[in-house]
Amino acid sequence: MSFVIPAVPQVSLPVVGSSDRFPVRRVYCVGRNYVEHAKEMGFTGREPPFFFLKPADAIVVVNAGETALVPYPVLTKDYQHEIEMVVAIGSGGKNIKAADAHKHIYGYGVGLDMTRRDLQAEQKKLGRPWCIGKAFDHAAPCGPITPVAQAGDVANADIAIQVNGKDRQRSNLSKLIWNIGETIEHISNAWELQPGDLIYSGTPEGVAAVVAGDTLVGTVTGLTSISVKII
Ligand code: MN
């Protein structure tokens, strides 16, 4: 079979300890999933989890030991980092119970939910979708996927980002409002998860703007760190 226009190439991420790659289908993102970040966004308390998506081709692949170049996006004057632990789904399903969620996880990675905060804020105010603030080109840098067996205790891992060598965000995955199992339960109640889906699990407090020339280093204990330079 041939196509009348060029077909979209399969987006994929490297896998730690393998020459095979992880093919990406959808990118789900959890909103406001750490209490202190919810507060800095003007919200308090445990609200039901909510989700948005980024297109798979918004992923910027960040290889181990390399610094990926990410273009400063158009239309914004407030381009912010959100460091997040990313769950890679290995087997799909719907109505997955939190207690069974681990059976569906292939591995974990470190990602950035890059955000045009001024545009997101404007859309929030108008009650409009966040796409222009969250789902733009190059909005989802992501590092290699570490298979579960090699990833250690991700549920209690430290998560941090440094910009030009200085701490901006630092927290621990144990502070997630909705943990990974609960998040998978909620998402799979709303969509049928499929192999290749990624879940950006939310960001801790300390989100802030970056400018061209900044270098961002994101870490989650036990996973491969990522390095990104804004150009
Ligand atoms: Mn986020």
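**Figure 1. Aromatic pairs in the predicted model.** This is a predicted model, and 7 aromatic pairs turn up in it. One of them brings together Phe51 and Trp191, an edge-to-face pair with 6.1 Å from centre to centre and 80° between the planes. The two rings come from distant parts of the chain, 140 residues apart. Phe51 belongs to strand S4 (residues 51-54), while Trp191 sits in the loop between helix H4 (180-190) and strand S15 (198-200). How accessible is Trp191? Its relative accessibility is 28%, so Trp191 counts as partly exposed.

**Figure 2. Phe52 and Trp130, a tilted pair.** Here the ring centres of Phe52 and Trp130 are 5.6 Å apart and the planes stand at 55°, so this pair goes down as tilted. Again, distant parts of the chain are linked: Phe52 is in strand S4, and Trp130 is in the loop between helix H2 (117-126) and helix H3 (131-134), with the two positions 78 residues apart. Are these two residues buried or exposed? Phe52 is buried at 10% relative accessible area, and Trp130 is buried too, at 19%. The cut-off for buried is under 20%.

**Figure 3. An aromatic cluster, and an arginine over a ring.** Back to Phe51 and Trp191: together with Tyr28, they form one aromatic cluster. For a ring with a charged partner, look at Phe43. Arg32 lies over the face of that ring, 3.5 Å from the ring centre.

**Figure 4. The five-stranded open sheet.** Follow the strands across this open sheet and the order reads S6-S18-S17-S13-S14, with mixed pairing. Which strands stand at the edges? They are S6 (67-70) and S14 (166-172); each has a single partner strand, so one side of each is left without a neighbour in the sheet. On average, neighbouring strands here are turned by 20° against each other, ignoring direction. Zoom in on S17 (residues 215-220) and S18 (residues 226-230) and you'll find an antiparallel pair joined by 4 bridges. Within this pair of strands, Leu216 stands opposite Val228 of S18.

**Figure 5. Val62 and its surroundings.** Val62 lies in the loop between strand S5 (59-61) and S6. Is Val62 buried or exposed? Val62 is buried, with 0% relative accessible area. Leave out the neighbours within four places in sequence, and Val62 is in contact with Ala68, a run of residues made up of Pro141, Cys142, Gly143 and Pro144, and then Ile226, Ser227 and Val228. Val228 is a residue we've already met, opposite Leu216. Pro14 is worth a look as well: its C-alpha atom is 8.7 Å from that of Val62, though the two residues are 48 apart along the chain.

**Figure 6. Two cysteines, no bond.** Cys142, one of the contacts of Val62, gets its own close-up alongside Cys29. Why is there no bond from the sulfur of Cys29? The closest cysteine sulfur is the one in Cys142, and it is 10 Å away, which is too far for a bond. Seen from the other end, the closest cysteine sulfur to that of Cys142 is in Cys29, at 10 Å, so it is too far here as well. A disulfide would need the sulfur atoms within 2.5 Å, and by this rule the count is 0 disulfides. Both residues are tucked out of reach of the probe: Cys29 is buried at 0% relative accessible area, and Cys142 is buried at 0% too.

How values were computed
Residues are numbered from 1 along each chain as its sequence is written. This is a predicted model: local features need pLDDT of at least 70, side-chain atom pairs count only at pLDDT 80 or more; totals for chains, interfaces and linings use all residues. Side-chain values use heavy atoms; hydrogens and water are left out. Buried means under 20% relative accessible area, exposed over 50%, partly exposed in between (1.4 Å probe, protein chains only). Two strands pair if DSSP finds at least two bridges between them. Axes are lines fitted to C-alpha atoms, for helices over the stretch in contact, and angles run from 0 to 180 degrees between N-to-C directions. Rings of Phe, Tyr and Trp (its six-membered ring) pair if their centres lie within 6.5 Å; planes under 30 degrees apart count as stacked, over 60 as edge-to-face and the rest as tilted. A charge sits over a ring if NZ of Lys or CZ of Arg is within 6 Å of the ring centre and within 35 degrees of the ring normal. Contact means heavy atoms within 4.5 Å.
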